[in-house]
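Subject: Structure handover

Hello,

Here is the structure I said I would pass on. My notes on strands and chain symmetry follow below it.

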Number of protein chains: 4
Amino acid sequence: MLQKLSDLNHCSKDEFVTALANIFEHSPWVAEAAAGLRPFAGIGALFAAMTTAVDRAPDEARLKLINAHPDLANKTQRASGLTAESSAEQDSVGLDRLSDAEFDAFERANSAYRAKFGFPYIVCVRRHTRDSILRDFERRLPNDAKAEMRTSVAEICRIAALRLDQSVASEDRLPVHGRLSTHVLDTHSGKPAAGISIELTELSDLGASRVVARATTNSDGRTDQPLIGGRPVPIGRYELSFRVGDYFAGRDVPMSDPPFLDRIPLHFAVSDPEGHLHVPLLVTPWSYATYRGS
Amino acid sequence: MLQKLSDLNHCSKDEFVTALANIFEHSPWVAEAAAGLRPFAGIGALFAAMTTAVDRAPDEARLKLINAHPDLANKTQRASGLTAESSAEQDSVGLDRLSDAEFDAFERANSAYRAKFGFPYIVCVRRHTRDSILRDFERRLPNDAKAEMRTSVAEICRIAALRLDQSVASEDRLPVHGRLSTHVLDTHSGKPAAGISIELTELSDLGASRVVARATTNSDGRTDQPLIGGRPVPIGRYELSFRVGDYFAGRDVPMSDPPFLDRIPLHFAVSDPEGHLHVPLLVTPWSYATYRGS
Amino acid sequence: MLQKLSDLNHCSKDEFVTALANIFEHSPWVAEAAAGLRPFAGIGALFAAMTTAVDRAPDEARLKLINAHPDLANKTQRASGLTAESSAEQDSVGLDRLSDAEFDAFERANSAYRAKFGFPYIVCVRRHTRDSILRDFERRLPNDAKAEMRTSVAEICRIAALRLDQSVASEDRLPVHGRLSTHVLDTHSGKPAAGISIELTELSDLGASRVVARATTNSDGRTDQPLIGGRPVPIGRYELSFRVGDYFAGRDVPMSDPPFLDRIPLHFAVSDPEGHLHVPLLVTPWSYATYRGS
Amino acid sequence: MLQKLSDLNHCSKDEFVTALANIFEHSPWVAEAAAGLRPFAGIGALFAAMTTAVDRAPDEARLKLINAHPDLANKTQRASGLTAESSAEQDSVGLDRLSDAEFDAFERANSAYRAKFGFPYIVCVRRHTRDSILRDFERRLPNDAKAEMRTSVAEICRIAALRLDQSVASEDRLPVHGRLSTHVLDTHSGKPAAGISIELTELSDLGASRVVARATTNSDGRTDQPLIGGRPVPIGRYELSFRVGDYFAGRDVPMSDPPFLDRIPLHFAVSDPEGHLHVPLLVTPWSYATYRGS
């Protein structure tokens, strides 16, 4: 699906519009408006042209753009068909696997929102966890319609940026990716801690927590890949857990029985999906420390 | 129920034996043996006299002492009656509120142990959690009968020490109490953290975790009472949890949204029930550290 | 020299005034004013009576009180005689052992101050180091005379409180003592670090640094006595230094050659002479941490 | 001076030998022996060929190689002329700026060594500080001549590797460079600490300490260049000092007066000149921590 920017710069207008028709949901007119401004120096310039077209469109067009979006987690709509993009996005955050309690909460949110504003609640789900979507909804419901139209368009642009990033290859990149990484330093031996099992769990108030990454530290005490990378780090609360008991036992370090420290859970929240969040662990069998690193 | 040592030193032999008849379960002969050695300079001397009597008794007497003890968590025995002491001890560790899975595990353990050795599995339950009792059983089952008789008598003496500590007032104390304490230092402001909600939970592999203490830090960042004190700190795994998000929010400290740190869980194990275990927290909104203190 | 408050409450007025004549330098009238209010419930009440007498005295009396004080570090006055109290106080901060550069700095400060205000610069030297006295002087010199009279009287009262604390025994205590303590926790072994050599040095910008305390940690990782206690902790900058290389070498802990950590210096300032400042060290052969504790 | 390996692979034998004549001090025969093995796939292969030639040479040749080296810090030899390489190496460690006490210590060491073994004491000075050279001497003096010949040849090879690294450009690199880096994380604000003045000082028991690097942290809390890089990190003791008082004062963080923490000195030793040593600082106005990182 990934197309080269240079190809898009030189193909026919029809081909261009077809390629980018769903960057903005069901709204090929955005691509059409941008087509005439080709060639683009980079994906940043292409994205700017598309968002400018949205900004300059009349209010009715923007409202129609908003209304072109599906409700979140709506089973009827899912059955009747979303765009492939919408479907993949909703699945990524687990909206296709909601518990009944979660599904009810989303339904209530959607209905209340639509009842008040007359258009669907829109949020860029790839930047969120289920809990943070529900919290976002609660915060936005008290707003007035004008503010919500602005917020909806801003979220639509975030959705568009992520879709464009996945559709178009360019030397420059849109700043849509974040990173979550860790590092384990064994301050008992003064060396990186290799071979420690790590598990990253998304915590949830409403539904079940779910493991989102597993890894083992390498010889530098890091994971070969970031725990989350190449995409936004969803806003939400997480547990990062380290099996340090097994590690020290394997090194014949004297310990108490049971070991004072075994599985160490660190709980923290992500608030900036496009940022780099580094959560290291400094550890001995009797002490540990963590901090928001960079 | 608490009797002064001086009274016990000067009462009749019968009164003495009656008072201490169940320090060793259903075995007043131990008190009888000690009665003739009165007066005792302290509770330590009294306890030593009683354990010496047990040590010097013939093997059959010791075996009878072992057999005088009930099975752990045995529902039939509970119905037909334990000594008040045994009942209170088993309740303290939650043996009266076992889940079905836990009850089954205890039943299997008891049966296997009794089948192999011909006498009941005995452990000083006040020094244990449910998980550590099951682990202790697993460790002891492979032993030979001689070793298990020794271990059983040692556990009986631990039970006796705790019963004596609760029955007799003396200026000296038996070393049967441990302590679990904490301290929260706010290294963002350089001061003790006051008003932080703390919860101590006993973790369990088999059954449900259960909260065993709740407290709020005072102006010195400590709790007014130790989290556990005046008794052994049961061997087992614990979570100590601190509501630091509320604390910093209440002090108008700039934080991310959601706050990077909110509820901080520390997981650790207790291995020395009679020791003093201090588990402090050094914390800012962006970092924390803990260690086994003293 | 220490007299019981009860004796002072019941002796003759003359004896009372003689005993407390120099609590306020060369100013027995303060004791005289307080004598009539006897008996005092405690040393706090006695001190309050004396400071109230100073507060209610006419301006000329207070100015005379100020002028009854010697210049700091004045060699001529030292030769001709200070009160024993003044002499001991000045010696305590090392004013009798100034380097030439320090002596010149004090002389300049005194002369400038006296030239501007017409009365001597007064500060409660027991609460200060040489450096902090010079800094205090620099801060106060720009003030107007009225503010400086107030400040001088406040400092005279601080001097008086310390003299009274050393002269009168009472069940209550004046809050004039601070404390500086430390604690070394070996997080490599999870235990207090015993036998570590500690040195406390007063740092100076102007003159030579000087060692003010030496100690060795006991089995609890603490020093038997506070590093500074039973007196104000002088405002100033300090180095607390720990010989951790020797400690870990003595425990056969694997280390690099030369050891990564050997002598650890912690530099910190004291700002509250009457407070309790705790400066602990958490240390492994490869890491350490400190914080302002309580 | 830097020559491409490809040029050395294809030039005449004479040119090759001339270019590498002093890689081994005054010993062009080593280059001669290697010349016939051209072409070399990389600088590693070239170095291996040269050291193999040394290893396979008769003992007399190796002894002559050892004797071709100057005494360390010998003023007479310095006047009469060292090779440019020797001179630059000795200057790098400060051997041209020794205090009288240091010079005497080196003289005594050299004389004792030469008197015992009959050949000069040789050490790769670029891997050392003055203190570590003297300590190395003390350790080696008790050895026997055979062991010292081996050690001397090993040191000569280390010298040669560094000379070769500076003389020959190749895609591969000899593993002769270490790195010393730092990182300051402000755990009060949860961000890297930018704009902190840092000073690295080489500590010395015998002579004066000397500042070897100064830097200011950038927006990532790091220094733009490693504190030491592109060369071995000399074995020795160091102080890394951070001006955190100015940093927090500039951010209007509430502090005591004087500030509890102002200049923070970290003392540590380097033991592995070719390794990467990372010494970070985690700091608030009231606490700090450091560790040997990677």
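Two strands count as paired if DSSP finds at least two bridges between them. Please keep in mind that this is a predicted model.

Strand pairing within chain D

Strand β3 of chain D (residues 178–181) has two partners in these notes, β8(D) and β11(D). With β8(D), residues 228–231, the pairing is antiparallel and consists of three bridges. One of the contacts there sets D:G178 against D:R231 as bridge partners. With β11(D), residues 276–278, there are also three bridges, but the sense is parallel. Here D:R179 has D:H276 as its bridge partner.

A sheet across chains C and D

Eight strands form an open sheet with mixed pairing, in the order β5(C)-β4(C)-β12(C)-β13(C)-β13(D)-β12(D)-β4(D)-β5(D). Its edges are β5 of chain C and β5 of chain D, residues 191–192 in each, and each of these strands pairs on one side only. Within the chain C part, β4(C) (residues 184–186) runs parallel to β12(C) (residues 281–284), joined by three bridges. C:D186 is bridged to C:V283 in that pair.

Symmetry of chains A and D

Chain D superposes on chain A with an RMSD of 0.0 Å after a rotation of 180 degrees and a shift of 0.1 Å along the axis. The two copies are therefore related as by a two-fold rotation axis. Both copies use the same surface: 100% of the contact residues of chain D recur in chain A. In chain D, the residue that comes closest to the rotation axis is D:A289, with its C-alpha at 5.0 Å.

Regards

Note on methods. Residues numbered from 1 in each chain as written. Chains lettered and ligands numbered in written order. Predicted model: local features only at pLDDT ≥ 70, side-chain atom pairs only at ≥ 80, totals over all residues. Heavy atoms only, no water. Helix = DSSP H or I, 4+ residues; strand = E, 2+ residues; numbered from the N terminus. Least-squares fit on C-alpha atoms with pLDDT ≥ 70 in both. Contact = heavy atoms within 4.5 Å.
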